[in-house]
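Reader: I should be grateful for a close look at one part of this protein, namely its pockets and what surrounds them.

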Amino acid sequence: MKKIDMENWERRELYEFFSGMSYPFYSVTFQVDVTELYQYVKREELSFYYALVWLCTKAFNRVENFRYTIREKEVWLLDKRMPSFTDLKKGATQFHIVTMPCGEDLPAFCHEAKAKSAAQTSFVDATSETDELIYFSCLPWIELTGLTNERDFDPDDSVPRIAWGKYTEEQGRKKLGISLELNHRFTDGYHVGQFYKELMEGINRLNAEKTAETDAVVRNSQDAKELEKQFQQDMISIYTRAKKECGYTANRFLQMVTERGGVAAAKALISKPGGTDGFAVLWERRRLDLSVEAYVLKPEYQMLFTDDERKMCRERLKQFE
């Protein structure tokens, strides 16, 4: 947190102008497309409400003007704000207010919010009521087109208020009305627009990150398949070279590779206690470079075998050096 130098603050003129108003607060309501958020929480089995609280908190904190506050007539910039949200326990008709840090992990926040809300026995924890909060409300029973909040009149009140209702369907998309109530001494329409931009980018990132993860998995899977083909060829090469260079014809080995595939055959062979007869033959002929164990340890095949399997091969080769 840092104190604002009023002499050099670029917002000083606007701040002083709106400070002269008897009521410097304003409210604005706008539509947000939450289709991607809905898809994300359904897939991840998370609460839509808690997830949106987290996303809105992150969006507020990314816009500096929402973090201004007044303490003893001086303007300060907070490091971050914390969500304080209404919630209903299952079967309840009276809400309570949950206040907690936001954290950096959305799923973790959702799980922690659910647990904290369920465990809370009071209407609100008065010790957590500070000027560093964001007040959240939700009316999931109605479509929200506008909302104002009750308050003790205090022109220095800098806490943002945000609320939403139920989402509606429009041409296959889910739309949600979000209402903000703000202090004009600190924020203008431009900052509302910045909040909207940050919120939408946060929502869109959810599925973009999931898509990137999926693409990475697909790429890794494709890479693994190519490696398996290459390893299969190397296993057949072991048979060919052993026969040509050592006079050792490993027919049973070739059969296993052909029937099971190179990787599966290798895993079965290296797991045999004490090693295989083929390993013993190659050791006698000083050609352990043609052993399955030696190929398993090649760097390019690391992703095909577990650390334990590679360790077993390393120890066996070291034992017969």
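Which residues lie nearest the centre of the second largest pocket, and how many residues line this pocket?

Author: The model is a predicted one. In the second largest pocket, Y248, F253, T276, G278 and F279 lie nearest the centre, and the lining consists of 20 residues. Two or more lining residues come from each of α5, α6 (251-260), α8 (277-284) and α9 (292-296). By character, the lining of the second largest pocket comprises 12 nonpolar, four polar and four charged residues. The volume of the second largest pocket is about 330 Å³.

The largest pocket may be described in the same terms. Its space amounts to about 760 Å³. The lining of the largest pocket has 27 residues, and T86, F95, F136, S137 and C138 are the closest to the centre. Both β5 (82-87) and β7 supply at least two residues of that lining, which divides into 13 nonpolar, six polar and eight charged residues.

F136 leads from this pocket to F85, since F136 is listed among the residues that F85 touches, together with Y49, Y50, V53, H96, I97, V98, M100, F109 and A113; residues up to four places away in sequence are not counted. F85 in turn belongs to the largest nonpolar core, which has 44 residues; F85, L37, I162, W164, F195 and L199 are those with the most contacts inside this core. Among the elements that each supply at least two residues of the core are β7 (133-138) and α5 (189-246). The most is given by α3, with 11 residues. Another core, of 31 residues, lies apart from this one and includes F231, V263, A266 and V292.

Key
Residues numbered from 1 in each chain as written. Predicted model: local features only at pLDDT ≥ 70, side-chain atom pairs only at ≥ 80, totals over all residues. Heavy atoms only, no water. Core = buried A, V, L, I, M, F, W, Y, C linked by side-chain atoms within 4.5 Å. Buried < 20%, exposed > 50% of the residue type's maximum accessible area, 1.4 Å probe, protein only. Helix = DSSP H or I, 4+ residues; strand = E, 2+ residues; numbered from the N terminus. Contact = heavy atoms within 4.5 Å. 1 Å grid on protein atoms, 1.4 Å probe; cavity = no way out; pocket = protein on both sides within 12 Å on 5 of 7 lines; lining within 4 Å. Points joined across faces, edges and corners; volume = space filled by probe spheres on them. Nonpolar A, V, L, I, M, F, W, Y, C, P; charged D, E, K, R; others polar.
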